Amino acid sequence: MKSEDTLLLTRRNVAELLGIEECVVAVESAFRSYGEGKTQPPGILGVHAADGGFHIKAGIMNLERSYFVAKANANFPNNRKTGLPTIQGVIVVCDAVNGRLLALMDSIEITIIRTGAATAVAAKYLARENAKTALICGCGSQGRISLEAIMKVRKLEKIFAYDIDTDQAQGFAETLSSEFGIEIIPVDDLAKAARASDIVVTCTTAREPFLLREYIAPGTFVAAVGADSEEKQELEPALLSTSKIIADILKQSATIGELHHALKDGCVSHSDVHAELGEIVAGKKIGRASNDEIIVFDSTGMALQDVAAAAIVYERARKVPRLKFSNINFND
């Protein structure tokens, strides 16, 4: 492969090159760098469509080299009915020193894995150390990787699986209980399962809140993953008003996350947000202060997560010639 070639990586290529364990480490480092002020703030642009929308997230990080990464994702929740992915798109990887196009790669796996990695990082710093039970709301690919990621940072013993598609929850439980060697119980009583859980993860395409304040017991850590546009919402605003709020990116959460809805409802203000996750990872602010406080992590997806994950994929792809990926020279 010539040094000037640009790699073209498929979803399968990315899946072969990126694992959750190393992605958790890389994403934690990305949050730490951002919290320490060593990276510039990432950018985001959203464009609405009739039944969904598009967003572009971009950022720069100095890793083995200086990388610029931009991700253009389409998000169409109704695609599930036709067999298409809800989220799909492309990631552009460039050398941030000279602008050279290094790679184009499918975005699906990176989006899923780096999102799960962020949930694990947040759980590491914000969930009780003795957390044993978890509830996964949304039993698709994101639910699976969220569970796998959290199990890297907490010794879970029992999992509850909830989905509006009960067959999906059943299949999730049957498949992963065997694969992960842990008890996974499909549930239809969301309130009961939430009250029995130390960790609650919501990773759905919901546009109406379904996780209510009254469902959450003292000491619970809630990772709200699904809301990444103004229309999406999973949490009742009252839950945020009575919890310690941690944003991935405050400005972003206030625009497209669960915080956006709580601000609009008038039950919280910007000053009610305790910290960004990067500040906690960097040691600038405390995470969990007691075993009784409820903590909500508003995860809207930070572009630096994409940079960290895409860099792993690119660097490994350059060293693994046996993979069936393409390379081209755009300058020809």
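**Exercise 1. Decide whether C139 is buried or exposed, then find out why C139 has no disulfide partner.**

*Solution.* Start with the surface. C139 has a relative accessibility of 4%, so C139 counts as buried (buried means under 20% relative accessible area, exposed over 50%, partly exposed in between, with a 1.4 Å probe and protein chains only).

Before going on, a word about the model. It is a predicted one, where local features need pLDDT of at least 70, side-chain atom pairs count only at pLDDT 80 or more, and totals for chains, interfaces and linings use all residues. Residues are numbered from 1 along each chain as its sequence is written, and side-chain values use heavy atoms, with hydrogens and water left out.

Next, look for a partner. A disulfide is a pair of cysteine sulfur atoms within 2.5 Å. The closest cysteine sulfur to that of C139 belongs to C203, and because 7.6 Å lies between them, they are too far apart for a bond.

**Exercise 2. Do the same for C267, and then give the disulfide count.**

*Solution.* First, the surface: with a relative accessible area of 29%, C267 is partly exposed. Second, the distance: the closest cysteine sulfur, in C137, is 20 Å from the sulfur of C267, so this is too far for a bond. Last, the count: it comes to 0 disulfides.

**Exercise 3. Describe the surroundings of L235.**

*Solution.* Begin with the place in the chain. L235 sits in the loop between β11 (221–224) and α7 (237–241); helices (H or I, at least four residues) and strands (E, at least two) are DSSP runs, numbered from the N terminus.

Then check the surface: L235 is buried, because its relative accessibility is 1%.

Now list the partners. Leaving aside neighbours within four places in sequence, L235 is in contact (heavy atoms within 4.5 Å) with residues including P209, L211, V222, L240 and V296.

Finally, compare positions: R213 is 22 residues away from L235 along the chain, and their C-alpha atoms are separated by 8.1 Å.

**Exercise 4. Find which strand gives the largest share of the lining of the second largest pocket, and sort that lining by residue type.**

*Solution.* Take the elements first. β2 (43–49), β3 and α8 (250–256) each supply at least two lining residues, and the largest share, 5 residues, comes from β2.

Then sort the residues: 10 are nonpolar, 9 polar and 6 charged. Here Ala, Val, Leu, Ile, Met, Phe, Trp, Tyr, Cys and Pro count as nonpolar, Asp, Glu, Lys and Arg as charged, and the others, Gly among them, as polar.
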